[in-house]
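Colleague: Could you zoom in on one part of this model for me and go through how its pieces fit together? Please give the cut-offs as you go.

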Amino acid sequence: MNSKVLASALLAASLTGALGMSACSPGQDSQSPSANQSTSATDTNALLLLNESLRAKLGTTYSDSWIEDNKLHVAVTTEAAATVVTEAGAVPKIVALDAAALESALQAVSAWQATLPDGLDAAIHKLIPDGRTGTLTIFVAPDHLDAVAQAAAADKPAGSVPLVIKASTGLATPL
């Protein structure tokens, strides 16, 4: 197996795990006041258990979840699912894309990344799906930002899922 294919497979596997782990992530903006509020471990564990229960109940209507202002927020794709979320004591948000659509886009972008020329493929440091906004964010080394943005605009690797391309502030995710 050539190194690009192996790297792509490893990246896809690690991103699949990251997608699963991001299902109940704290607020995206770590500088927001709500992200700085403290929540007891008991409260957080209860919210995480509620999230897992809702995820199982909601099935394909589940998109994402996050904790904000000490409350579980759940992105769902239907009004009926929003009612289930509300009845469970969480805050619903109706969105267009479910978790499976975001994962599919993530896998497609990962596969596309492996087709990029050497150097450009390694300039992509991480991919983050966001069910709240229905987007996939690509974090890119600042010196390759324009080249990756142009390639993504030309190739449309995520299909109809919008891409947000941002300068990375860190190192590439290890493969």
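Modeller: Helix 5 (residues 99-113) lies across strand 5, strand 6 and strand 7, and runs at about 165° to strand 5. Helices (H or I, at least four residues) and strands (E, at least two) are DSSP runs numbered from the N terminus, and angles go from 0 to 180 degrees between N-to-C directions, with axes fitted to C-alpha atoms, for helices over the stretch in contact. This is a predicted model, so local features need pLDDT of at least 70 and side-chain atom pairs pLDDT 80 or more, while totals for chains, interfaces and linings use all residues. Residues count from 1 along each chain as its sequence is written, and side-chain values use heavy atoms, leaving out hydrogens and water.

Helix 6 (residues 145-155) packs on the sheet too, touching strand 5, strand 6 and strand 7 (contact: heavy atoms within 4.5 Å), and makes about 170° with the direction of strand 7.

The sheet itself is open, with 3 strands in the order 5-6-7 and mixed pairing (at least two DSSP bridges between two strands). Strand 5 and strand 7 (163-167) are the edges, each with a single partner strand, so one side of each has no neighbour in the sheet. On average, neighbouring strands are turned by 20° against each other, direction ignored.

Strand 5 (residues 124-130) and strand 6 (residues 135-140) run antiparallel, joined by 6 bridges. Leu127 has Ile138 in strand 6 as its bridge partner, and Ile138 also stands opposite Ile165 in strand 7. Strand 6 and strand 7 are parallel, with 5 bridges. In the hairpin of strand 5 and strand 6, with 4 residues between the strands, Gly134 takes a positive phi near 65°.

Methods: Buried < 20%, exposed > 50% of the residue type's maximum accessible area, 1.4 Å probe, protein only.
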